[in-house]
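Below is a short note for a colleague who has not looked at this structure before. Please read the points with the sequence and the model side by side.

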Amino acid sequence: MINTSALRDKPTLTGKHVRLVPLGPEHTDAYFAAGLDEEIRRLTGTHHHLTYDEAREWCRGRPRSPDRLDLAITAPHDGRYLGELSLYSVAPENESAGYRIALSALEFTGQGLGREATRMVLEYAFEHVGLHRVWLYVYAFNMRAIAVYRSCGFSVEGRLRDSLLWEGRRHDALLMAVLRNGYRRT
């Protein structure tokens, strides 16, 4: 049985290079701006252009969401917004959840920030929430993300053929997952 209070009581998790804090209204401007970055939108397969009001409502509702965990990725020294991540589609009866992460700009990639944030949230998911399995989807062209997920213990479980149509080209998505006994803390 999972600990649902670990989802309701939004944690703050601090690592060496990132701090994960509950996503809230104070992140609206940065969250909205990240959605304007065309390369970030391509990497996440995001077709919908979020309006500022939609971003504000999303950020405002995150702290009250009892069945998922939405955290902002911030710099530990100054609180600068670096991106966000979520544990969602939590299935208590199966002790599993989906995971997604998006850094807010390409300037934050290649520094190990996503890897550190992913490892921190996996530790929380397995050790505090009590999950057995965490899964995600990643587009097959996003080799950097795939390498990060593999380094955290994720394995490819399947392929969703032609699942993304982006600028006239079709792309596959990979289903990846990690089990409690397979995740890598360091």
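1. A cut-off comes first: a residue counts as buried when its relative accessible area is under 20%, as exposed when the value is over 50%, and as partly exposed in between. Cys152 has a relative accessibility of 0% and so counts as buried. Cys59, also with a relative accessible area of 0%, is buried. The model discussed here is a predicted one.

2. How many disulfides are there? A disulfide requires a pair of cysteine sulfur atoms within 2.5 Å, and by this rule the count is zero.

3. Overall dimensions. The chain has 186 residues and a radius of gyration of 16 Å, which agrees with the value near 16 Å for a compact globule of that many residues. Along the principal axes, the C-alpha atoms fill a box of roughly 45 × 35 × 30 Å. Of the 186 residues, 49% count as buried.

4. Secondary structure. The chain has six helices and eight strands. Their pattern along the sequence is α-β-β-α-α-α-β-β-β-α-β-α-β-β.

5. The sheet. Eight strands form an open sheet with mixed pairing, in the order 1-2-3-4-5-6-8-7. Its edges are strand 1 (13-14) and strand 7 (155-166), each of which pairs on one side only. At one of these edges, strand 1 runs antiparallel to strand 2 (residues 19-22), and two bridges join them. Thr14 faces Arg19 of strand 2 in this pairing.

6. Strand 4 and strand 5. Strand 4 spans residues 81-91 and strand 5 spans residues 96-103. The two pair in the antiparallel sense over seven bridges, with Leu87 opposite Tyr99 of strand 5. They form a hairpin with four residues between the strands, and Glu95 in the turn has a positive phi of about 55°.

7. Is strand 5 largely enclosed or open? Seven of its eight residues are buried, so strand 5 is largely enclosed by the rest of the structure. Strand 5 is also joined to strand 6 by three bridges, and these two strands run parallel. In that pairing, Ser96 stands opposite Arg133 of strand 6.

8. Ser89. This residue belongs to strand 4. Ser89 is not a glycine, yet its phi is positive, at about 45°. Its relative accessibility is 47%, and it therefore counts as partly exposed. A reader checking backbone geometry may wish to look at Ser89 on the model.

9. The hairpin of strand 7 and strand 8. Strand 7 and strand 8 pair in the antiparallel sense over eight bridges. Trp166 has Arg169 of strand 8 as its bridge partner. Two residues lie between the strands of this hairpin, where Glu167 takes a positive phi near 50°. Glu167 sits in the loop between strand 7 and strand 8 (169-179). With 74% relative accessibility, Glu167 counts as exposed.

10. Gly79. The loop between strand 3 (69-74) and strand 4 contains Gly79. At 42% relative accessibility, Gly79 counts as partly exposed. Gly79 and Val18 are 61 residues apart in sequence, and their C-alpha atoms are 9.1 Å apart in space.

11. The largest pocket. How much space lies in it? The figure is about 1,200 Å³. The lining consists of 43 residues, and those nearest the centre are Ile40, Thr44, Ile101, Ala102 and Leu103. By class, the lining has 23 nonpolar, 14 polar and six charged residues.

12. Which elements supply at least two residues of that lining? On the helix side of the list are helix 2 (28-34), helix 3 (38-44), helix 5 (113-129) and helix 6 (143-151). The strands are strand 4, strand 5 and strand 6 (133-139). Strand 4 and strand 5, the antiparallel pair with seven bridges, thus appear again here as suppliers of the pocket lining.

Technical notes. Residues are numbered from 1 along each chain as its sequence is written. This is a predicted model: local features need pLDDT of at least 70, side-chain atom pairs count only at pLDDT 80 or more; totals for chains, interfaces and linings use all residues. Side-chain values use heavy atoms; hydrogens and water are left out. Buried means under 20% relative accessible area, exposed over 50%, partly exposed in between (1.4 Å probe, protein chains only). On a 1 Å grid over the protein atoms alone, a cavity is a set of points where a 1.4 Å probe fits but cannot get out, and a pocket is an open set with protein on both sides within 12 Å along at least five of seven lines; lining residues have an atom within 4 Å of a point. Grid points are joined across faces, edges and corners, and a volume is the space filled by probe spheres set on the points. Ala, Val, Leu, Ile, Met, Phe, Trp, Tyr, Cys and Pro count as nonpolar, Asp, Glu, Lys and Arg as charged, and the others, Gly among them, as polar. Two strands pair if DSSP finds at least two bridges between them. The radius of gyration is taken over C-alpha atoms; the globule rule is 2.2 Å times the number of residues to the power 0.38.
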